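Reader: I would like a close look at one part of this chain, with the rest brought in only where it helps to place that part. Please take one strand and its surroundings, and go through them step by step.

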Amino acid sequence: MSRPVPWIPVVLYGAVLLGGVYYAAIGPGPGVRTAGYVALLGALIALDRREWRVTPGVVFALRVVLLCGVAVLDESGLSRVLFVLVPFLAFFAYGPTVAIGLGIGCVVALAGAFTLSVPHWQVRAEYIGDLLMFALGVVLALAMAAVAVREQQARARLEGTLAQVAELSAARERNRLAREIHDSLGHHLTAIGIQLEKAEAFASLDPESSAQAVSHARWSANRALEEVRASVRTLGPESESEPAGLSRALADLVHHLDGGSRRITLETSGVERRPLLVLYRAAQEGLTNACRHSAATEIRVDIAYDERGARLEVADNGVGFGPGDEGFGLAGLRERVRLAEGTLAVDSSSDGTVLTIEVPW
């Protein structure tokens, strides 16, 4: 149920109260009827000033009874204007059909009251004018109620839309943060595993290579911690977290993964205009998948720059995967590339996998 505009009834009650008291003061003088008149209007004002834990029909019926009491005690005739509130308030409680019916009923009731109390009122201009003004007041009250209801409905829809936007924004930010942590942390955990395997394999055969592998694993662990902290701290646009130089960052990445049973090479051509985080994350995802899942022994990372943008290719000689085997990492990477207005292609077979990313500047 819509709520009525609270100030309209109170303003009408106050105006009729002042007008009735003024009429009594300059006319017959205040008396018992005036006191009752004031008391009933005060009760109406109090009724509209608080919330009632009863059905709307009970409050509406009580309001109509009080209005009738005010009309009986009114000596000035001003109280008839209050009956425009009957269809006005009914619009909020019961809807437009009931409100229009009550509005017509109020106009007919006033005409009937004139017929019973004023002989030949139909030919007296003042009463015809009063009836027409009352009918116009009913129409205006219904129109105002309709506008108020539409405004409340529009506000409710807007609040619902804003709530959905806020929820979607929060979900998108959570997804972005989850993707960021997955891409960076997943890669570094893979790198740590690879280097620890190498350290274990070379522990007795080549202590120097084993120590170097442990050092690389420690670097990956520290780097993972730094990237997780940065992701949680910034929660901002991806451009704020871009590496200082993509080529240098990729060289560092390859250096700490290369070795053991895998050979990783990096080729760079062209001039880098600015670092692109999406390509760095793509390289991380490609290297992680190649090292963790494909059993590849040869992995090649090529990055080429030109005037239009950058192109990254990660190729391996592993076992490949099927179209339905893409995991969360590749799905997140596709979203990253889409937001960067780039393209992503994956060509995987039993002879290996080629991941290709193109991103404009």
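Author: Strands S2 and S3 form a hairpin, with three residues between them. What follows describes a predicted model, and strand S2 is the part to follow through it.

S2 covers residues 298-305, and its partner S3 covers residues 309-316. The two strands run antiparallel and are joined by seven bridges. One position in this pairing can be picked out by name: Ala-304 stands opposite Arg-311 in S3.

S2 also pairs with strand S1, residues 263-269. Here the sense is parallel, and the pairing again extends over seven bridges. Within it, Leu-266 stands opposite Val-301 in S2. Between S1 and S2 comes helix H9, residues 277-292, and the three elements together make a β-α-β unit that is left-handed. S2 thus has a parallel pairing with S1 and an antiparallel one with S3.

The side chains of S2 sort into two faces. Ile-299, Val-301, Ile-303 and Tyr-305 make up the covered face. The uncovered face consists of Glu-298, Arg-300, Asp-302 and Ala-304. The two residues named above in the pairings fall on opposite faces: Val-301 belongs to the covered face and Ala-304 to the uncovered one.

Tyr-305 on the covered face deserves a separate look. Its relative accessibility is 8%, so Tyr-305 counts as buried. A pair of aromatic rings is described by the distance of the centres and the angle of the planes. The structure holds five aromatic pairs. To take another of them before that of Tyr-305, the rings of Phe-114 and Tyr-127 have centres 5.1 Å apart and planes at 75°, so this pair is edge-to-face. Tyr-305 and Trp-361, in contrast, form a stacked pair, with 6.0 Å centre to centre and 20° between the planes. Because Tyr-305 lies in strand S2 and Trp-361 in the segment after strand S5 (352-360), the pair ties together parts that are 56 residues apart in sequence. Trp-361 counts as partly exposed, at 23% relative accessibility, whereas Tyr-305 is buried.

The Phe-114 and Tyr-127 pair belongs to another part of the chain. Phe-114 lies in helix H5 (residues 96-117) and Tyr-127 in helix H6 (residues 125-201), so this pair ties together parts that are 13 residues apart in sequence. Phe-114 is buried, with a relative accessibility of 4%. Ring pairs link Phe-114, Tyr-127 and Trp-121 into a cluster.

To place S2 in the whole: the chain has 10 helices and five strands. It contains 361 residues, of which 38% count as buried. Among the contacts in the chain with a separation of 6 or more, 70% are between residues 24 or more positions apart.

The nonpolar cores give a second view of the whole. The largest has 40 residues, and Leu-41, Leu-82 and Phe-88 touch the most other members. Helices H1 (7-26), H2 (32-48), H3, H4, H5 and H6 are the elements that give two or more residues to this core. H6 gives the most, with 10 residues. Another core, of 34 residues, lies apart from it, and includes Ala-296, Leu-312, Val-337 and Leu-344.

In the loop between helix H3 (56-73) and helix H4 (85-94) sits Ser-79. Its relative accessible area is 4%, so Ser-79 is buried. Leaving aside residues up to four places away in sequence, Ser-79 touches Val-16, Val-70, Ala-71 and Asp-74.

Helix H6 also contains Glu-197. Glu-197 counts as exposed, at 51% relative accessibility. Its C-alpha atom is separated by 10.0 Å from that of Ala-217, 20 residues apart from it along the chain.

One last item, cross-links, concerns the whole structure: a search finds zero disulfides. Cys-68 is in no disulfide, and the nearest cysteine sulfur, that of Cys-106, is 8.9 Å away. Cys-68 is partly exposed, with a relative accessible area of 36%, while Cys-106 counts as buried at 13% relative accessibility.

Methods: Residues are numbered from 1 along each chain as its sequence is written. This is a predicted model: local features need pLDDT of at least 70, side-chain atom pairs count only at pLDDT 80 or more; totals for chains, interfaces and linings use all residues. Side-chain values use heavy atoms; hydrogens and water are left out. Buried means under 20% relative accessible area, exposed over 50%, partly exposed in between (1.4 Å probe, protein chains only). Helices (H or I, at least four residues) and strands (E, at least two) are DSSP runs, numbered from the N terminus. Two strands pair if DSSP finds at least two bridges between them. A crossover is right-handed if, with the strands pointing away from the viewer, the path from the first strand over the helix to the second runs clockwise. A disulfide is a pair of cysteine sulfur atoms within 2.5 Å. Rings of Phe, Tyr and Trp (its six-membered ring) pair if their centres lie within 6.5 Å; planes under 30 degrees apart count as stacked, over 60 as edge-to-face and the rest as tilted. Contact means heavy atoms within 4.5 Å. A nonpolar core is a set of buried Ala, Val, Leu, Ile, Met, Phe, Trp, Tyr and Cys residues joined through side-chain atoms within 4.5 Å.
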